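User: Please take a close look at one part of this model, the place where a charged side chain meets an aromatic ring, and then follow the surroundings outward. A connected account would suit me better than a list.

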Amino acid sequence: MTAALEMRNITKTFPGVKALDNVTFTVRRGEIHALCGENGAGKSTLMKVLSGLYPAGSYEGEILIDGEVKRFQGIKDAEQAGIAIIYQELALAKDLSIAENLFLGKERARYGIINWERVFKESEKWLREVGLTDVSPETPTGQLGIGKQQQVEIAKALSKNASILILDEPTAALTEQEVAILLGILKEFRRRGVTCIYISHKLNEVFEIADTITVLRDGQTVGTYPTRELTEEKVISLMVGRELKELYPRIESRPGDVVLKVDRYSVLHPTIAGRKVIDNVSFELRKGEILGIAGLMGAGRTELVMSLFGSYPGPSEGRVEIDGKPVKIRSTSQAIKEGLALVSEDRKKYGLVLGMDIKNNVTLASLNRVSSWGVIDLNREVASGNEYIRSLRIKANSAETIVGTLSGGNQQKVVLSKWLMTRPKVLILDEPTRGIDVGAKFEIYNIMNELIRQGVSILMISSELPELLGMSHRIIVISEGKMTGEFRAEEATQEAIMLAATGGLGT
């Protein structure tokens with residue numbers, strides 16, 4: 001196959017930082033080409049150069065499309081050359097219809113009057129291209145699930161006559177079924193000759209779909225390889241620059257006394273009378289163990305832990321004990337006082353204040369530890385921030401670094417720092433490694449192990465079964481709000497957990 005894209009010797013420098021250093025990246029026509037690397041490796045910067053967000057003149061090197069040198073001065077120039085990029089955070093106007101989103105900025109109009117018949121007819125055509133035939137173009141986009149919104153984004157890109165489609169972490173918020181649909185769409189595009197650049201931390205998806213893999217590390221090209229010549233372990237070692245002997249470094253644990261006991265616990269829906277999002281769930285968590293919670297998206301896992309933490313709006317029934325003492329937690333402040341901490345699945349929305357610096361975020365839930373008489377001691381606050389920067393190896397210049405400028409893995413470490421500063425007995429982790437690279441995942445796992453050694457108990461939700469199997473000492477399964485399985489680590493399998501997650505019986 002001929003080269004659809006060549007990026008030659010691309011160098012991009014920001015003040016004090018060389019984000020890309022002489023990067024070369026070649027993609028053949030009609031292939032799916034995966035771009036892998038840790039957060040901060042330069043993947044997004046390279047794609048921003050390609051998509052025109054960083055215009056010609058702001059970087060060194062050259063871009064060739066079908067052998068012709070291009071100098072994009074903006075995003076529209078790149079789109080006219082057939083390049084479309086779909087980011088992890090979808091750029092759709094939720095209040096507008098699907099059709100309006102598809103043709104926003106390129107309305108089918110004459111004398112200022114939109115030809116709606118043409119708009120809807122063309123919209124139906126593009127929706128068919130992505131297999132979205134069960135919705136009307138007039139449907140408000142906000143009424144669609146995330147998976148279908150992703151399909152609308154792809155249809156929007158195709159409507160711009162894109163021949164090179166860039167997908168940046170496209171499955172981060174999708175269910176397994178939605179992921180399967182998306183990968184099926186991309187495979188069909190490949191058969192039609194569309195070129196795709198696929199960026200993902202999920203290596204199982206990369207190996208399922210990619211023809212070729214390019215690895216970046218520290219802003220440089222490590223190499224480009226046919227996928228068939230690689231293994232996940234080899235890609236990981238290329239990404240991080242070292243061999244990871246074991247991706248899931250679970251340590252053996254001798255669990256102590258029961259720290260958290262949940263008995264016949266139910267959670268009611270906040271607005272639908274009589275509906276239970278959690279129905280009669282019972283389990284125990286012991287000192288110094290990791291208890292995994294498995295289940296399909298929508299099973300009620302997040303609602304369960306939010307309710308235990310006092311942050312779910314629906315009322316609860318049942319009995320909760322901490323260290324053998326009955327508690328009725330009605331607020332997050334009470335949960336913190338009782339020794340609970342919750343790392344939310346959405347760190348940007350619920351875990352961090354992105355415009356604040358590291359020290360402010362770290363101390364946010366523990367202001368009493370850095371203040372006297374209601375006045376914050378800035379020296380103690382800085383010292384606390386620096387302490388966690390050192391202990392959790394957060395990559396930042398100082399405690400005054402704005403959190404929004406950090407990579408996903410380092411943001412997650414800041415969230416962990418915030419809750420570790422509350423000195424919890426029970427640390428609840430909801431999707432703790434979502435959206436972070438494999439090297440950062442490994443560091444999070446090591447932090448979990450250190451906490452276990454210190455006697456902290458961990459309750460972990462994860463949609464990645466290998467992660468649950470690799471790090472948990474025991475696993476419980478939730479299906480449609482009910483507990484349908486419980487497994488010890490040595491007896492758990494993906495098949496047994498999936499059977500329980502889909503309503504079968506676990507042992």
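Analyst: In this predicted model, the charged end of Lys12 sits over the ring of Tyr54, at 4.6 Å from the ring centre. Tyr54 also takes part in one of the four aromatic pairs that the structure holds. Its partner there is Phe14, with 5.7 Å from centre to centre and 65° between the planes, which makes the pair edge-to-face. Phe14 belongs to strand S1, whereas Tyr54 lies in the loop between H1 and S4; the two are 40 residues apart, and the pair links distant parts of the chain. Tyr54 has 19% relative accessibility and therefore counts as buried, the limit being under 20%. Phe14, at 28%, counts as partly exposed.

Strand S1 spans residues 3–14 and is joined by five bridges to strand S4, residues 60–65, the two running antiparallel. Within this pairing, Met7 has Ile63 of S4 as its bridge partner. Both strands belong to an open sheet of four strands, ordered S2-S1-S4-S5 and paired antiparallel. Strand S2 (17–28) and strand S5 (68–70) stand at the edges; each has a single partner strand, so one side of each is left without a neighbour in the sheet. On average, and with direction ignored, neighbouring strands of this sheet are turned by 25° against each other. Helix H1, residues 43–50, lies across S1, S2 and S4 and runs at about 115° to S1.

A second case of a lysine over an aromatic ring is found at Trp126: Lys125 lies over its face, 4.4 Å from the ring centre.

Strand S3 (residues 32–36) pairs in the parallel sense with S11 over four bridges, and His33 stands opposite Thr212 in S11. Strand S11, residues 212–217, is mostly covered, with five of its six residues buried. S11 is also joined to strand S12 (residues 220–226) by six bridges, this time antiparallel. Arg217 has Gln220 of S12 as its bridge partner. Two residues separate S11 and S12 in the hairpin that they form, and Asp218 in the turn has a positive phi of about 55°.

Further along the chain there is another open sheet, with six strands in the order S18-S21-S22-S15-S23-S24 and mixed pairing. Its edges are strand S18 (340–343) and strand S24 (482–488); each has a single partner strand, so one side of each is left without a neighbour in the sheet. Neighbouring strands here are turned by 20° against each other on average, direction ignored. Strand S15 (residues 290–294) and strand S23 (residues 474–479) pair in the parallel sense over four bridges, with Ala294 opposite Val477 in S23. Helix H14, residues 408–420, packs on the sheet and touches S18 and strand S21 (426–430); the direction of H14 makes about 170° with that of S18.

The largest nonpolar core has 78 residues, and Leu427 is one of those with the most contacts inside it, as are Leu260, Phe283 and Met448. Helix H15, residues 438–453, provides the largest share of this core, seven residues. Not counting residues up to four places away in sequence, Leu427 touches residues including Ala341, Val343, Leu416, Trp419, Leu451 and Ile458. Another core, of 35 residues, lies apart from that one; Phe103, Val119, Ala155 and Phe189 are among its members.

Notes
Residues numbered from 1 in each chain as written. Predicted model: local features only at pLDDT ≥ 70, side-chain atom pairs only at ≥ 80, totals over all residues. Heavy atoms only, no water. Pairing = 2+ DSSP bridges. Axes fitted to C-alpha atoms, helices over the stretch in contact; angles between N-to-C directions. Contact = heavy atoms within 4.5 Å. Buried < 20%, exposed > 50% of the residue type's maximum accessible area, 1.4 Å probe, protein only. Phe/Tyr/Trp six-rings, centres within 6.5 Å; stacked < 30°, edge-to-face > 60°. Lys NZ or Arg CZ within 6 Å of the ring centre and 35° of its normal. Core = buried A, V, L, I, M, F, W, Y, C linked by side-chain atoms within 4.5 Å.
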